[in-house]
Every structure is written in C-alpha cells, then in structure tokens.
Amino acid sequence: MHILHVVGARPNFMKAAPVLRALAGKSGVRRTPIRQTLVHTGQHYDRAMSHVFFQELEMPQPDCNLEVGSGSHAQQTAAILSAFEPVVLERKPDLVLVYGDVNSTVAAALVCAKLGVRVGHVEAGLRSRDRTMPEEINRLLTDQLSDLLFTPSADGDENLLREGVDASRIHFVGNVMIDTLVRLLPRAEQHRRTDLAAPYVLVTLHRPSNVDDLPWLRELLATLADLSRQLTVVFPVHPRTRQRLADLTRESASHPRLQLLDPLPYLDFMALQRYAALVISDSGGIQEETTFLGVPCLTVRENTERPVTITMGTNQLVGRDLQLLRAAANGILNRRSETGANENLTPCQVPLWDGHAAERIAEILLRPGPA
Ligand code: UD1
C-alpha cells in the first residue's frame, strides 16, 4: 500500500507527525510494508512557521514541496490544485491523507476526488457553523470529498451523521494533535523559560476576524497592554498578525511587560503553554491543547468547532466583548492566586485524547480488506 500525506500549514505538522510514525511502525503498531510519501504544499514557508517543526517533530523531509506560498484564498487554492494533480498522477498513491482545515487540506482532497483516488480526512467532522470562517468551508467540503473520516471527538461523528455521511466511513479515533503533545511534553520541560516569572499570560491571535480588523485589533492590543500592568503577557506573533501590528506595536512599546515575540518552535511554545496562568487565543488547536493540559483558555471568537473544550470547563468564548475578556481574565487570575501555581499537571479526560489516536488510524488503514 502507498499512502501519500499532504501538509501545508503549521497546524498540519503536529497532526501528520504521529500518523507518519504509526504507519512507519515507530509507535508500537506492527511494521508493515507501507510506502509513505510526504507532500508539503508550501502554504507556510518561513523557517519559523515550517522547517523548525519538521526538526522538532522528527518528521521526514517532504518528498516534494509544491512551493505555492501566500495569496488570496482562490489563488492559493488554485495553485495547490494545479501543482498537486501531476504529483498524484505521477506517484499513484492508493490513499491520500489530508489534515485539519487549511486551504491545503481542501485543495488536495478535491484533486484526489476528481482523480478517483481515495482520501482520508484526519480531524473530520468539526463544525463551528460559521461560514464566514474560511476553515469552516474547508471542513465542510473536505468531509464531503473524503472516503474515510477520522474524527477527534464524538461531536464530529454526530455532525457527519447529521450531514448524511454513511456511518461505515466514520471512525472515531481521537485527537492526533494530542498524540504529539503527549509524546513531546517531557522534552518541552527542558524548554521552560527560566527568565519568566509566574504567573504570566500567553497570547496568540491570527484569525482574519481579529487581525484584519485594525480598529478591533487596536482595542484588543490595548486590553492586553492593560493586563500587562498586572503581570507579564507573552505574545508570539504570527506573520499575518505581524504585518497588521506594524503601527500598533509602536503604541504598545510603552508596556515593557507585553512581550511581542517571533513565532516560536513547538517545544518552546508547549513549555510556555504548560505553565501559563491563562491563555488568550483565537486558535483551534490551542483550545484543545489547553484543555488537555488543564490550563484556562479564553477564546477570542464567537463560536468554536471544538465544543468539548467548553464542556470540559477549561475554555470560554469571549467573542468580541472586551469587558467580558477583562472580567474573565481577572476571575481566572484571582482564583489562581488563591490556589497557587499549576505545577502539577491535571489533564482533562477527553475520550480518546490519550496519545494513541494515530495508532488507531494506522490499525484501520492496515486492516485486511477495504477500510
Ligand atoms: C492558516 C490557516 C489557518 C491556520 C493557520 C495557522 C487557511 C485558510 N488558514 O492561516 O486555518 O490556523 O494557517 O498558522 O488555510 N505568511 C508568512 N510566512 C509563512 C506563511 C504565511 O509570512 O510562512 C504570511 C503571508 O503574508 C500570508 C499570511 O501570513 O499572506 C497568511 O498566511 P495564510 O497561509 O494565507 O493563512 P494563515 O493566516 O497562516
């Protein structure tokens, strides 16, 4: 069997890494005669957004890089469509695995569906029900185009069944991103910043709804600057956000405890997340990682495609309400000062977020007969 994996953007790498390992027989699954090909679309291309993850996650170098780079959604998606089709025709995989909800995911799935090549979607079934989010469009289409749907949580199965997907194609396997976290958390310990006194707040923002709206971004940054009067606020800045922040950063220069950093490698970021008193973010993956770690997270979005993070009690949506953001942040920080630092990890028990999701995917793919 020949399996071709497609990755393109930062959050794809930590999802594909454990599946590549499991299929290569590196995580306890029996060794099998599987041929694997790794294609990088080049959607993310900076060293800090791509290369460094291949090293830390111990991923093989891509067999080919389509080097599509940035562009509008249509340009980027179209560039992947035309560059990926010849790769599939030439390499003739039996199955293509796509990950998450980025433009590379939907573009690769569409190429395969048109060529009649089977597609498996890892992280299927998530729905925010907000079609203004590019990722929601990518999720809906990718799931419709896929033959095998690997879901991270039970809500994913429910969503797919409601949309008429046949139950035989849906496999509840758990969360592959958490596989990577479980494997590398001990190593991340060595990346703990000794110069950073607890408590501190960790921030990431990159969604167009937050960073492309400059007046809103200005208010958000002012709120973070206010928070930094109480404690250090560490903000590794995504390249998309960096462009928008150029002017606003000068305004925040008078807040020495608001640290605007370059994007961080995986292990540095994990170490920061693990010991943060609070995380403020608009990321999908960070909602999941904080839930696993038991770290409080305030999500600057109106909705989430990861409702389990809310029901587990670690994540709260604050939408576009800065008063709510301030009040919720203060509540969490006050409670923390009463209960002390979170030195002992008390992970939340989400079903199948156990470090073995990729092994389950491998078992399903390697079963005799059609998966
Ligand atoms: C993409 C995904 C998003 C994911 C995010 C994680 C889509 C629709 N969005 O958003 O779901 O959460 O990745 O990071 O696929 N840029 C660089 N260097 C890079 C990559 C991008 O400077 O290596 C800049 C470019 O100016 C580019 C902008 O960032 O125009 C946005 O990049 P893009 O890939 O379009 O989307 P992201 O915002 O990164």
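1. Let's start with a loop that is easy to pass over: Pro199 sits between helix H7 (176–188) and strand S8 (200–204). The peptide bond that leads into Pro199 from Ala198 is cis, with omega near -5°. Please keep in mind throughout that this is a predicted model.

2. A second backbone detail is worth a look while you are in the loops. Glu58 is not a glycine, yet it has a positive phi of about 55°. You will find Glu58 in the loop that runs between helix H2 (51–56) and strand S3 (64–65).

3. Now to the largest pocket, whose volume is about 1,200 Å³. Its lining counts 49 residues, and Pro11, His44, Met49, His206 and His238 are the closest to the pocket centre. By character, the lining divides into 21 nonpolar, 16 polar and twelve charged residues.

4. Which helices supply at least two residues each of that lining? They are helix H1 (10–23), helix H3 (73–91), helix H5 (134–145), helix H10 (239–252), helix H11 (266–274) and helix H12 (284–293). H10 gives the most, with five residues in the lining of the largest pocket.

5. Where does the ligand sit? It sits in the largest pocket. There are 20 residues around the ligand, and those that come nearest are Gln43, His44, Glu135, His206 and Gln243. Two of these names, His44 and His206, are also among the residues closest to the centre of the pocket.

6. The shell around the ligand has its own make-up: five nonpolar, ten polar and five charged residues. H3, H5 and H10 each supply at least two residues of this shell. Once again H10 gives the most, here with three residues, just as H10 gives the most to the pocket lining.

7. For the contacts themselves, three distances to oxygen atoms of the ligand are handy to have when you open the model. In the side chain of Glu135, an N or O atom is 2.5 Å from a ligand oxygen. The side chain of Arg240 has an N or O atom at 3.1 Å from an oxygen atom of the ligand. Asp46 takes part through its backbone, where an N or O atom lies 2.9 Å from a ligand oxygen. As for cover, the ligand taken alone exposes 750 Å², and the protein buries 88% of that area.

8. If you have time for one region, I would suggest H10, which gives the most both to the lining of the largest pocket and to the shell around the ligand. Glu135, one of the residues that come nearest to the ligand, would be a good next stop.

Key: Residues numbered from 1 in each chain as written. Predicted model: local features only at pLDDT ≥ 70, side-chain atom pairs only at ≥ 80, totals over all residues. Heavy atoms only, no water. 1 Å grid on protein atoms, 1.4 Å probe; cavity = no way out; pocket = protein on both sides within 12 Å on 5 of 7 lines; lining within 4 Å. Points joined across faces, edges and corners; volume = space filled by probe spheres on them. Helix = DSSP H or I, 4+ residues; strand = E, 2+ residues; numbered from the N terminus. Nonpolar A, V, L, I, M, F, W, Y, C, P; charged D, E, K, R; others polar. Near = heavy atom within 4 Å. Polar contact = N/O pair within 3.5 Å; in protein donor to acceptor, adjacent residues only side chain to side chain. Areas by Shrake-Rupley, 256 points an atom, 1.4 Å probe, with all protein chains shown as cover. Sits in = over half its atoms within 2 Å of the grid points.
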